[in-house]
Amino acid sequence: MNPSTSTTPEATPEPVPSGGPLPPVTPEVVAAAVESLTSRLRKKLDAAIEQYAALPVTAVGEGVRIACGEDAVVTLSPGPSGVIADAGQASCSCLLAPRCLHRAAVLSACPIGDALPGGEEAASRDSSDPEPAPGGAAPAGSGGPPDSGAEGATEEADGAGSDGAGSVGAESDGAESDGAGSVGAAEAVGPTAAQVAAAAGLWAAAAAVLSAGVPAAGAVPQAELLRAAHTARLAGLPAAEAAALRVVRGLRAARARHDGHRLADLVSALRELLLTAGRLAGADPDPALAGTVRRNYQPGGSLKVYGVFREPVISATGYGGVVTHVVAEDGRWYSVADVKPGGSARARGAATAPVAIGPAMLNHFQLSRAGLLIAGATVSPDGRLGAGKSVRATPVSGLPWTEGPMAALFARPLAEAAGARLSGHAWSESDTAEQAREPVGCDLVIVGAAGDHVLARALLPGEPDSVGGFGPLIRLVPASHHPELAHVDNLRRLASRPGLLVRVVGRVEPDRVATLLPLAAGPVPGTEATLRLPPEWQGHADLGYDRLQGAHLPPQDACPPPPDGDEVDPVAGAPLWRVRRLVELAVSGGRRAVAESARSGESYTQLRTAGFQAAADLVAGLTAEADRRSRDVFGRLTDTGPDRYAWAWVAAATHLAATERAMIHASWQPDDPL
């Protein structure tokens, strides 16, 4: 929270509109507040959260106040990081405080912030880097905080980054990271006893949430999951902790019916959490299960990088800015971020803002077309370049996309590049997102528009005009639908010229068949049927900022007839939708909803007929477990617990994810029947 404009105690409080921003709170503080309530007050907690979340928030000094009644005023006083990280930073004026409903409800209404390493995150950040988002979180999130809803590949979900740029920068393959807890030793001896116990607690809390479903997963089950996540962090299980926080944020978004919520994201987060916690609880020795703690910035020595493109960032939480992606001579990707509070207005202004690396007098537009020679570079694990006082940078001439590392990028077959981006574990959402974040380059021929996306055929390297020189059918989807960005308009302009040849840099969309999120475009060398960009753009257009016009396209008669482009989605056409519907129903409705679907006589014959025998067996097992009822020796119904049901759901959900990933991977191959 920003401090008040006056620092005197008598200053008039600055009112914030009803439902205004609350400071983020670390998981352990929320969990402790809920656990301190009596059973009678816990039953009233969900209704109190809904009531108090709509109350006006008043900024006073460096904190905020929420008047919950005549004698009940909750005061939140975050530290310098802007996060409520200690129970003493939240107080209530009522007689029952601190074990009161007002305080617990207000804390439960606050966004979940990441824990601060060493007490204050700022102590370990590069001194000249952008300010961090609240709670150390990235500017926005998919399946993340309830207030996230912006679209686009640049908006990350789970707050993995430690500064305001979040995780939007392209990563460096050779970046280092610290092991969490005893990860290094886990290769030989497996998880420790403390890690096994923490994972068992996470499993129990997550299985209870799955069994209850979204409607019954209120503040109390969420607090139990947050407590288990905190225990996992202390035990050195950052991957499990991050998955648990994504689940809680997804549950809050689902229960609030937020516009940005996607049930598929919550399903993925819960699947990853249950599978990770379950394997760790069983003492699985795989060191990847524990995860790693990311370091902020490490010395990177001397670097020579060349600008490739700019990417706008607009967060639903009020952050905005730009990330300029650069590539080194060895082909490794880095990024320079400038993301701070300001939303879309700041994203537009940052497009030409000065680059804060050393004394280099370049703005982001110039850097995306030029280069930098950096001495004493500092680099984060995901490739963000730091701007510390010891960093020295000298501008150098840039390289066109036809030379140096960019030429090698476009020479690589698209199927090979896409396969590398889809190499993450299908069961791990975070691993999948990390692998897919690095851009790919390709030459395409535009086929035409299809709904909200553009169809194009990949050109095989060196054979654009030969028979059989076309690769798979590619769907180009806007990286962001924000009305103040140029992504949507530029794709419409490209779709208006079938047969146009265009060189594209973008990201692979891991959850859709042969789908690319284009971020920059340029002309294909050696042909007239391509873009004709103005000289000041220096060879390419940043699709989020630069707006293509009719004059930038070749005449229609200069474009050859486009190849066939019949759109077929093998994933959507397969009967796997029956599995997906049941897996999502289990999360949205709970165990009872799955049991009711079994009683309705749902048949999975089509799955078996289509060859998905394993999928049919798994969903049949899931419905059987959901409807399983045990009786004691007196014939009374007993609760068998959620464990067997949770494992049945994890098996079906993981098989579904792996099967769809295999089909998506196959859709990028040149010999695909598409």
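Helix 8 is mostly covered in this predicted model. Of its 18 residues, 15 are buried. The helix runs from residue 238 to residue 255. From its first C-alpha to its last, helix 8 reaches 26 Å. That is close to the 26 Å expected at 1.5 Å a residue. Helix 8 is followed by R257. The phi of R257 is positive, near 55°.

Positive phi values also occur in loops. A283 is not a glycine, yet its phi is about 65°. This residue sits between helix 9 (263-281) and strand 7 (292-293), in the connecting loop. A283 is partly exposed, because its relative accessible area of 40% falls between the 20% and 50% cut-offs. Q538 is another residue that is not a glycine but has a positive phi, here about 55°. The loop that holds Q538 links strand 17 (515-523) and strand 18 (541-542).

Two prolines in loops were also examined. P98 is found between strand 5 (90-92) and helix 4 (101-109). A cis peptide bond joins P98 to A97. The omega of this bond is about 5°. P381 lies in the loop between strand 11 (371-379) and strand 12 (392-396). Its relative accessible area is 10%. P381 therefore counts as buried, since the cut-off is under 20%. Along the chain, P381 and Q298 are 83 residues apart. In space, the C-alpha atoms of P381 and Q298 are separated by 8.1 Å.

How values were computed:
Residues numbered from 1 in each chain as written. Predicted model: local features only at pLDDT ≥ 70, side-chain atom pairs only at ≥ 80, totals over all residues. Heavy atoms only, no water. Helix = DSSP H or I, 4+ residues; strand = E, 2+ residues; numbered from the N terminus. Expected span 1.5 Å × (residues − 1). Buried < 20%, exposed > 50% of the residue type's maximum accessible area, 1.4 Å probe, protein only.
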